[in-house]
Amino acid sequence: MAKRIVRVLDTTLRDGEQTPGVALNPDEKLEIAKALDDLGVDTIEAGAAVVSEGEREAIKRISKEGLKAEICSYVRALKGDIDAALDCDVDSVHLVVPTSDLHLKYRLKKTREQLKEMAIETSLYALDHGLVVELSAEDATRTDPEFLREVLQAGANEGVQRVCICDTVGIATPEQIGELFSYITGALEVPVAAHCHNDFGLATANTLAAVKAGAGEVHVTINGLGERAGNAALEEVILALSKFYGIKTGIKLEKLYQVSQLVERYTEVPVPPNKAVVGTNAFSHEAGIHTHGVLVHPSTYEPIPPETVGQRRRLVFGKHVGSHAIESELRRRGIEPTREQVQEIFRRIKRLGDRGKLVTDAEWSAIVDEVVGEKLEEMIKLDELTVTSGNKVTPTASVRLKFEGKELTGAAVGVGPVDAAINAIRKVVEGVSSIKLQEYHVDAISGGTDAMVSVVVRLTDGRRIVTARGTSSDIIMASVLAVLNGSNRLLWDKKLGRGQ
Ligand code: MN
């Protein structure tokens, strides 16, 4: 039997953008749409045309881009919404009507009969204007199943190309979804889509249950973005469909990580490190037993090769480290260590790991350098740093650095003194290398106002990522040292031709 094919509708740009705190400008929406198209989604729900002028501009630009994917606008059962979508030149509309008595009574103040009429009338209006229509039942999992079937069936009879069942508040179980989808898909000729939310952490499981019960399309978002606890995550649903159910989609799995990173950057919603498939820890190993296992035979502690989804294996050096991991990492860097050297590195990492939680990449590299006798040359040296801040004063920092014998100066303002100092350093360093600050956090403060402050930063030069620490009794200096330590590590490794 030929493998079943399931359509993928990505709603990162509509439901995903309804994530609290997320707003994308038209440029960002277009970039994400291009990435989704390249990833292989069948439909891009680009937004709701009726929302705003900016939203229409974004949807228009996406429609004009000539992407392979079908471009879709969210609409309500209102002619004005359809007209706005038509104005944006979309291929299709996701026409959403609430079908539960709860929504009908309190929100729409309409009877079931009136709702059905509205749904059909607007569907016909959209179809007459050449749009593909996906008629979607909002709050379908709290709707009388018979009425749900009646509405969707009526739409299909009038010619809508697809219908959709929404678990709008994420309250269904996989068993309920299975039953409901079997009931609806058994009665309809057109594909039935599943739109599941993650309020109980079941969005992925429910989407899979829907597909198992005959759903022909899934609604998903990158990184599981979406209202409240989010929608079903594209990366989780697609990987599971392919790995466990043998179901084909158009998605190129090896691009998942890259698209996830892009969406994280534009939406500024951080992907949790322990997020399935696309989290930074999804293929990281720290404990000695595990790192030994994956080095000997990767499948011992990895469900799939990380490259399958465009990720890579990361060995984390902390207090659970084993000597095998140290040895293998040194070899990867082209160093043939003696047993004594490995043991010495092992002892030092354990000691550092015992004191705190995290051994940064820069610290790990510094230990290796010391033990195997390769000394890091400070590429950037701090000569002078001045920071002014206070009440009614814009925090300003000026900095003088030496880079390969040359003197470099720069100044910047910030929201606070730490921000101003880091901005000034970054401005100067960015002149010599494209180093970007990805993360900043204060790792530890011990004692009173004379305490030592430890700041950890994550930096990247586009080629690799390093974490680095700065420690000082002064939070501004600790921050600056962390950025300098990380930058020096990146520049030095690049000079030595050290890879990832
Ligand atoms: Mn939704």
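**Cysteines, metal, core and sheet**

Reader: How far is the sulfur of C88 from the closest cysteine sulfur?

Author: This is a predicted model, with residues numbered from 1 along each chain as its sequence is written, where local features need pLDDT of at least 70, side-chain atom pairs count only at pLDDT 80 or more, and totals for chains, interfaces and linings use all residues. Side-chain values use heavy atoms and leave out hydrogens and water. A disulfide is a pair of cysteine sulfur atoms within 2.5 Å. The closest cysteine sulfur to that of C88 sits in C72, too far for a bond, at 12 Å.

Reader: How many disulfides does the structure hold?

Author: C166 has its closest cysteine sulfur in C164, yet the 3.9 Å between the two sulfurs is too far for a bond. The number of disulfides in the structure is 0.

Reader: Is C88 buried or exposed?

Author: A residue is buried under 20% relative accessible area, exposed over 50% and partly exposed in between (1.4 Å probe, protein chains only). The relative accessible area of C88 is 0%, so C88 is buried.

Reader: Which residues are the protein donors of the manganese ion?

Author: Donors are N, O and S atoms within 2.8 Å of the metal (3.2 Å for Na, K and Ca), and a site may look incomplete because water is not among the atoms. Here the spacing of the donors along the chain is D-x179-H-x1-H. At 2.0 to 2.3 Å from the ion, they are D15 (OD), H195 (NE2) and H197 (NE2).

Reader: Why does D15 count as buried?

Author: D15 lies in the loop between β1 (7-10) and α1 (26-39), 180 residues from H195 in strand β7 (residues 192-196). Helices (H or I, at least four residues) and strands (E, at least two) are DSSP runs, numbered from the N terminus. D15 counts as buried because its relative accessibility is 1%.

Reader: How many residues are in the largest nonpolar core?

Author: A nonpolar core is a set of buried Ala, Val, Leu, Ile, Met, Phe, Trp, Tyr and Cys residues joined through side-chain atoms within 4.5 Å. I44, L152, I165, F181 and L234 touch the most other members of the largest one, whose residues number 91.

Reader: Which are the edge strands of the open sheet?

Author: Two strands pair if DSSP finds at least two bridges between them. The sheet has 3 strands with antiparallel pairing, in the order β11-β12-β13. Each edge strand pairs on one side only, and the two are β11 (380-390) and β13 (406-413).
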